[in-house]
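Please open the structure in a viewer and set it to display side chains as sticks. The tour below proceeds by selection, with a short account of what each selection shows.

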Amino acid sequence: MCGIVGKISLNPVNNLIIDGLKKLEYRGYDSVGMAIINSNNKLKTLKSAGKIKDFLIKYNSNKIEGNIGIGHTRWATHGIPSDLNAHPILDYNEKIAVVHNGIIENYLDIKNSLIEEGYLFQTDTDTECISNLISFYTRNGNSIMNSIKLTLDKIIGHAAVLVIDEESPDKIFGFKKGFAGSLLIGKKNKEISIASDFDTLKTNSDEYIVLEDYEYFYASKDKIEIFKQNKPRTKTWMKIKGDTEIVSKENYKYFMEKEIHEQSAVFLRNLQGRVDFNEKSIDFTDDFSKLKLEKIERIHLIGMGSSYYACMLGSYWLEKISKIPTQFSTSSEFRYRSPVIENNTLIIPVSQSGETADTLSASNLVKELNISQIAITNSINSELERITNNTIMMRANTEIAVASTKTFMATIEILFMLSIYFAKLKNVNIEKNIIFEELKIIPSYIDNILGNVSEISKLAKKYSINDNFLFLGRGQNLPIAMEGALKLKELSYIHAEGYPAGEMKHGPIALIDENMPVFNIVTEGQYFNKMISNIREIGSRNGKIIVLTNCPDKLDPSWYTDIISFDRTNDLLSPFLSTVCVQLFSMYTAISRKLDIDQPRNLAKSVTVE
Ligand code: F6R
């Protein structure tokens with residue numbers, strides 16, 4: 001989703017801004033722009049709909065140069081992706097430029113009152129009310145800093161904002177309100193970098209600070225001052241440590257393909273230091289040593305999209321393995337339904353990006369209620385980590401493809417391990433020998449699937465002509481059916497629904513005919529016979545039956561159309577393997593349909609608006 005970059009340097013900043021924007025590309029966006037104060041202290045802006053490469057082609061012979069500037073990748077909310085609506089958005093005098101992540105809920109009120117004051121609006125964006133509001137306050141005698149503060153006070157909603165102003169040509173201004181993603185300020189020698197994403201910041205900074213809710217600031221090459229409610233804030237600069245991860249596609253054609261193939265390594269990495277196979281025990285002391293969990297009586301998992309389906313699966317495991325009553329909700333519903341959270345409840349917010357607006361707001365609500373929480377995230381230094389103070393890291397390294405794969409795998413693995421951890425805490429007996437033996441073997445079973453993708457790719461090609469799909473599962477296979485349907489619709493734009501198999505005859509069965517392929521997850525264990533009955537109901541109505549199974553020898557080939565099989569494990573652990581199969585099926589379907597695998601249309605990696 002939208003990304004922000006700001007730069008102050010002794011050298012020209014335009015290429016530095018482009019480099020920063022390229023690092024933000026993976027978040028998903030539809031237009032690009034930058035504004036620079038040039039050596040004559042004039043504000044110059046370039047922007048265009050499309051990708052950075054389109055922007056660079058368009059402005060190949062029209063470069064702007066200066067030592068201070070801001071840049072933006074926009075994911076359209078208010079107004080279509082167009083040159084005009086791309087950020088930076090200028091005030092009506094064209095002296096002030098603004099880049100903005102988030103949504104201003106009262107923008108129409110502000111816009112209408114400014115129109116009455118004689119202001120003109122050129123774009124469809126809510127952001128234009130910020131640039132014009134700042135202009136309005138300065139025109140009425142306020143300093144630029146005070147105007148920024150007044151604007152911050154006036155707007156309702158979520159905003160991470162940078163501003164440059166021709167009247168203050170040596171400074172970048174900015175503010176943060178609510179949860180529209182991070183705003184981080186870094187420095188190295190005399191160079192200042194500002195970014196909405198830690199990975200973008202860290203390549204050019206030695207140390208950094210994080211802007212918090214309601215803080216506003218200015219930065220020049222020699223000084224940075226931060227305020228909240230008119231009072232200066234003192235911040236401790238944090239060192240940026242460690243190597244910068246270099247992310248490439250290696251020998252793969254797509255990032256997603258590479259990320260799917262990384263999953264056994266990610267799985268192993270998440271076991272390290274947490275699982276003791278000799279003792280058959282799991283320990284998260286390094287992840288959340290500060291929390292006392294013995295008294296926990298209930299768990300509530302919250303997340304969005306794939307993270308939500310991971311929560312659903314986590315709830316099945318937590319109840320089944322550790323016997324702790326567990327609920328799961330989308331963060332967007334949880335936060336607004338005035339949730340009743342009983343004493344001794346643990347909340348687990350899940351977000352690979354650590355920046356999903358709904359999950360941040362829900363987690364902040366939990367924090368305000370003083371309820372314990374542990375986040376699961378893949379993003380070091382993310383806003384979610386800061387809110388919860390207790391984090392289990394996914395150890396998946398950077399995920400570039402917009403649709404999540406290896407972070408989903410890491411999340412479900414962590415939730416599985418947490419279930420075993422809580423079972424011990426609650427003195428619940430589990431089949432330790434089987435579970436730990438099989439946990440050890442999962443990475444090689446994942447590699448078995450990945451070493452032989454041709455069957456799945458052939459089937460994906462065969463079914464890629466379809467317009468609709470149903471995915472069915474029961475028990476721990478249901479969340480994977482839902483995730484499979486989500487992946488298919490995201491990547492291939494085929495309409496797909498995930499359903500509990502038992503629910504099928506209560507409505508969806510009306511859709512079944514010879515044009516409706518149904519993808520069924522059938523594993524050996526508790527649900528086997530029930531699934532077979534449901535599948536036979538599809539066959540009786542001429543639906544096309546694809547079976548994803550770990551027990552092909554138990555199935556009668558006369559009643560299914562196609563089959564995908566994977567190694568047999570204890571039923572509880574089969575989601576680790578079925579996940580890989582549904583990911584591959586979706587990716588190869590999208591490849592057959594010649595679609596953009598890494599950046600499907602309309603999607604964003606980091607969803608910073610609610
Ligand atoms: C699906 C996908 C999205 C995300 C969702 C939440 O492939 O990637 O559905 O799972 O936007 O994102 P995070 O986990 O960053 O909160």
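The model on display is predicted.

**First selection: the lining of the largest pocket**

Select helix H6 (198-202) and strand E15 (238-239), each of which supplies at least two residues of the lining of the largest pocket. Of these elements, attend particularly to H6, which gives the most to this lining, namely three residues. The largest pocket holds about 700 Å³ of space. Its lining comprises 31 residues, and those closest to the pocket centre are Asp199, Lys202, Asn378, Ser379 and Ile380. Colouring the lining by residue class gives twelve charged, eleven polar and eight nonpolar residues. Next, colour by domain: domain 1 (3-239) and domain 2 (249-451) each contribute at least three residues to the lining of the largest pocket.

**Second selection: the ligand and its shell**

Select the ligand and the residues around it, 15 in number. Ser307, Ser351, Ser353, Thr356 and Glu490 are the closest of them. Helix H10 (305-322) and helix H17 (478-492) each provide at least two residues of this shell. By class, the shell contains eight polar, five nonpolar and two charged residues.

Which domains give residues to the shell around the ligand? Both domain 2 (249-451) and domain 3 (452-610) do, and the ligand therefore lies between them.

Distance labels may now be added for three contacts that involve oxygen atoms of the ligand:

- Glu490: an N or O atom of the side chain is 2.8 Å from a ligand oxygen atom.
- Gln352: a backbone N or O atom lies 2.8 Å from a ligand oxygen atom.
- Val402: a polar backbone atom is 3.5 Å from a ligand oxygen atom.

On its own, the ligand has 410 Å² of accessible area, of which the protein covers 91%.

**Third selection: the cavities**

How many cavities of 30 Å³ or more does a search of the whole structure find? The search finds three, and two of them are visited here.

For the largest cavity, select Cys2, Arg74, Trp75, Ala76, Thr77, His78, His87, His100, Gly102, Thr125, Asp126 and Thr127, which line it. The space within the largest cavity is about 80 Å³. Its lining divides into seven polar, three nonpolar and two charged residues.

Keep His87 selected and add Pro88: a cis peptide bond joins these two residues, with omega about 0 degrees. His87 is also part of the lining of the largest cavity. Pro88 is placed in the loop between strand E4 (66-74) and strand E5 (89-90).

For the second largest cavity, select strand E1 (3-8), helix H1 (14-24), strand E10 (191-195) and H6, each of which supplies at least two residues of the lining. H6 thus appears again, having also given three residues to the lining of the largest pocket. The lining of the second largest cavity consists of Val5, Gly6, Lys7, Leu16, Gly20, Ser193, Ile194, Ala195, Thr200, Leu201 and Asn204. Five of these residues are nonpolar, five are polar and one is charged. About 50 Å³ of space lies within the second largest cavity.

**Final selection: a backbone feature**

Select Glu250, located in the loop between E15 and helix H7 (255-261). Is the phi value of Glu250 positive or negative? Phi is positive, near 50 degrees, in a residue that is not glycine. The strand before this loop, E15, was selected at the start of the tour as a contributor to the lining of the largest pocket.

Terms used: Residues numbered from 1 in each chain as written. Predicted model: local features only at pLDDT ≥ 70, side-chain atom pairs only at ≥ 80, totals over all residues. Heavy atoms only, no water. 1 Å grid on protein atoms, 1.4 Å probe; cavity = no way out; pocket = protein on both sides within 12 Å on 5 of 7 lines; lining within 4 Å. Points joined across faces, edges and corners; volume = space filled by probe spheres on them. Helix = DSSP H or I, 4+ residues; strand = E, 2+ residues; numbered from the N terminus. Nonpolar A, V, L, I, M, F, W, Y, C, P; charged D, E, K, R; others polar. Domains from an automatic or database assignment. Near = heavy atom within 4 Å. Polar contact = N/O pair within 3.5 Å; in protein donor to acceptor, adjacent residues only side chain to side chain. Areas by Shrake-Rupley, 256 points an atom, 1.4 Å probe, with all protein chains shown as cover.
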